[in-house]
Amino acid sequence: MKILALIVLGLTVTSCVVSPRQDYSAAQPSPDIQQATDMTGPGWPAGLNELRTTEGDIFLDNLNSQINTLQQNPALTRLPRYRVMLAGLLYQRFQIEGRLADAEQSLLVMREAEELPGFSADDRLVYATVLQGFHDFDQASKQISQAAGEGADGASVDRAMASLERSRNLPEDLGPVDPASIENYLTAVQMAALSVNQGRLSDATVLLRQAQALYGDSSPYPLAWIYVQQGIAFLRFNQYEQARIFFSAAHERMPQFFLATEHLAETEGLLGNHRRAAELYRQVTRQNDQPAFWHGLAEAELALGNTEAAGEAARQAAEGYSRLLQQHPLMYADHAVDYYLDTDNAAKALELAQLNFRHRQDLFARLALAEALAAMGQIQAACEQVGDVRQAGLSPPEISLSSGVLASCNP
């Protein structure tokens, strides 16, 4: 599975439950998994008629219109607040459609805005979000600190710093959370991510279902995002049929959401539905050019016996990773670990996992490093990373399921 250590929803950074590469062999459902599975049914996930939102096309048309209006109005974008607004809208579109050019333009716009008189403390928090998306954690931290010094709202500063710490380090506060105390869907998703990483799928499912109940806006994107998180949670626990239900719900709610399409394609492939997987991968590669999706398409085409198409997709993947690792090495190092493990280049995977680990030591960086070390035969070093994860009070499925590559490391 592709490593996406965080997702940014709008301009609020939140934890994501996506995991590094793992062994997808079938496992007998435990009582916890069965309890989570039993929650799926009427109302979870909510159908289009049960919980109405704006159609995806209309939502994106409105988003594009706002972006175009600002881009075509230089008089407006000479003012910092409108530049920051433009950067935020571009970054949101990047999160939905996945085109790197939008993220790059967002970063450029923020850099320009910072030089203008009137760039505010709140603007710095937006800038920190964009920087964090590029894994430029040091600069993001500086922006947050500067925002605090310039009088930004204390709660907003604390949330921004907490988000940054989740991206860089293992969590410290692992105490129980009372779902009744959660007041917004973003917090519910963050707590669900922690529950998954503690090995508690049913608790995570309760929280994600609560996130759906707490969501009260008309945008389809946050609901699709919530369903993707539930799908990934099931996928990490090897529950492919359940995962497909939620990825399908996200894709139906917002077909333009690239993570929904890509994960649905991945799950269809795991279920042996390679023709459907290839169709979905073609759809997402037309939308954006991320190499992970070309790699998925190559695997689907190969499974269908389309060797020429598979070869072309594999070439696109290889060239894409080479290009992105030159342009944005810290942003894509973790994503590329899985690819190089899949393509039997364990030495390259370890090189990138070590680069990523020098930059961040969160759960996913540690699991990716452990996977790469194990692939190179360095089992003791891999198990040391697993030990650090367990010492922190975490038990993610990658090290707790008997089918996991890292589960052989003794507690």
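Q: Why is Cys-409 called buried?
A: The relative accessible area of Cys-409 is 3%, and the word buried is kept for values under 20%, with exposed meaning over 50% and partly exposed lying in between (1.4 Å probe, protein chains only), so Cys-409 falls in the buried class. This is a predicted model, in which local features need pLDDT of at least 70 and side-chain atom pairs count only at pLDDT 80 or more, while totals for chains, interfaces and linings use all residues. Residues are numbered from 1 along each chain as its sequence is written, and side-chain values use heavy atoms, with hydrogens and water left out.

Q: What makes the pair Cys-383 and Cys-409 a disulfide?
A: Their sulfur atoms are 2.0 Å apart, and a disulfide is a pair of cysteine sulfur atoms within 2.5 Å, so the pair of Cys-383 and Cys-409 meets the criterion. A search of the whole structure finds one disulfide, and the link of Cys-383 and Cys-409 is left-handed, with -80° about the S-S bond. Cys-383 lies in helix α20 (residues 379–391) and Cys-409 in the segment after α21 (397–400), so the pair ties together parts that are 26 residues apart in sequence; helices here are DSSP runs (H or I) of at least four residues, numbered from the N terminus.

Q: Why is Cys-383 placed in another class, partly exposed?
A: The relative accessible area of Cys-383 is 24%, which is within the range set for partly exposed residues.

Q: How do you know that Arg-244 and Glu-268 form a salt bridge?
A: The closest N and O atoms of Arg-244 and Glu-268 are 3.1 Å apart, and a salt bridge requires a side-chain nitrogen of Lys or Arg within 4 Å of a carboxyl oxygen of Asp or Glu, so the pair qualifies. The bridge links distant parts of the chain, with Arg-244 in helix α12 and Glu-268 in helix α13 (residues 258–270), 24 residues apart. Glu-268 is buried, with a relative accessible area of 8%, whereas Arg-244 is partly exposed at 22%. Side chains of opposite charge can pair when their charged atoms come close.

Q: Why are Lys-348 and Glu-351 about one helical turn apart?
A: The two residues are three residues apart in helix α18 (residues 346–359), which is why their separation is about one helical turn. Their side chains meet in a salt bridge at 3.7 Å, N to O. Lys-348 is partly exposed at 25% relative accessibility, and Glu-351 is also partly exposed, at 44%.

Q: What makes the approach of Gln-143 and Arg-124 a polar contact?
A: The side chains of Gln-143 and Arg-124 are joined at 3.1 Å, and a polar contact is a pair of N or O atoms within 3.5 Å, where within protein one must be able to donate a hydrogen and the other to accept it, and residues adjacent in sequence count only if both atoms are side-chain atoms; the pair therefore satisfies the rule. Gln-143 is found in helix α7 (residues 137–149) and is buried, at 5% relative accessibility.

Q: How do you know that His-251 is buried, and which residue does its side chain join in a polar contact?
A: His-251 has 13% relative accessibility and therefore counts as buried, and its side chain makes a polar contact of 3.2 Å with that of Thr-261. His-251 is found in helix α12 (residues 240–253).
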